[in-house]
Amino acid sequence: MSSVLNTVINEDVIKGLKLIPDNSVELVITSPPYNLSINYDGYDDNLAHADYLAWMKSVWIECYRVLVDGGRICINVAPTTNKEEEILEKIQQIKDSDSDD
């Protein structure tokens, strides 16, 4: 943990999250790409919808993994994208599947 404590991690989100130990983060704040064909350096923002949702699910799984019990995740999703409901559904599915274990 000391290698990432108080450190800015400038990395692909999945690679960066994998550097963080389980149950070690109190708060995640994120503004995911909206898959609107924006020209990002190193990220394809024009995925097929199913691929985008699968990628976002992998992000949420990692976010949930690093959160402590009672931790919080804040997700900035512009209401004009019409994707906020799908994103919240994916997060709830991950949370529900974890509580089934």
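**Reading helix α2 and its neighbours**

Student: How does the span of helix α2 compare with what is expected from its 18 residues?

Tutor: Helix α2 covers residues 49-66, and at 1.5 Å a residue it should span 26 Å. Its end C-alpha atoms are 26 Å apart, which agrees. The expected span is 1.5 Å times one less than the number of residues. Helices are DSSP runs (H or I, at least four residues), and strands are E runs of at least two, numbered from the N terminus. This is a predicted model: local features need pLDDT of at least 70, side-chain atom pairs count only at pLDDT 80 or more, and totals for chains, interfaces and linings use all residues. Residues are numbered from 1 along each chain as its sequence is written, and side-chain values use heavy atoms, without hydrogens and water.

Student: Is E62 buried or exposed?

Tutor: Buried means under 20% relative accessible area, exposed over 50%, partly exposed in between (1.4 Å probe, protein chains only). E62 lies in helix α2. E62 has a relative accessible area of 8%, so it is buried.

Student: Which residues does E62 touch?

Tutor: Contact means heavy atoms within 4.5 Å. Leaving out residues up to four places away in sequence, E62 touches I14, L17 and K18.

Student: How are the rings of Y43 and W55 arranged?

Tutor: A pair of aromatic rings is described by the distance of the centres and the angle of the planes. Rings of Phe, Tyr and Trp (its six-membered ring) pair if their centres lie within 6.5 Å; planes under 30 degrees apart are stacked, over 60 edge-to-face, the rest tilted. The count here is 2 aromatic pairs. The centres of Y43 and W55 are 4.9 Å apart and the planes are at 40°, so this pair is tilted.
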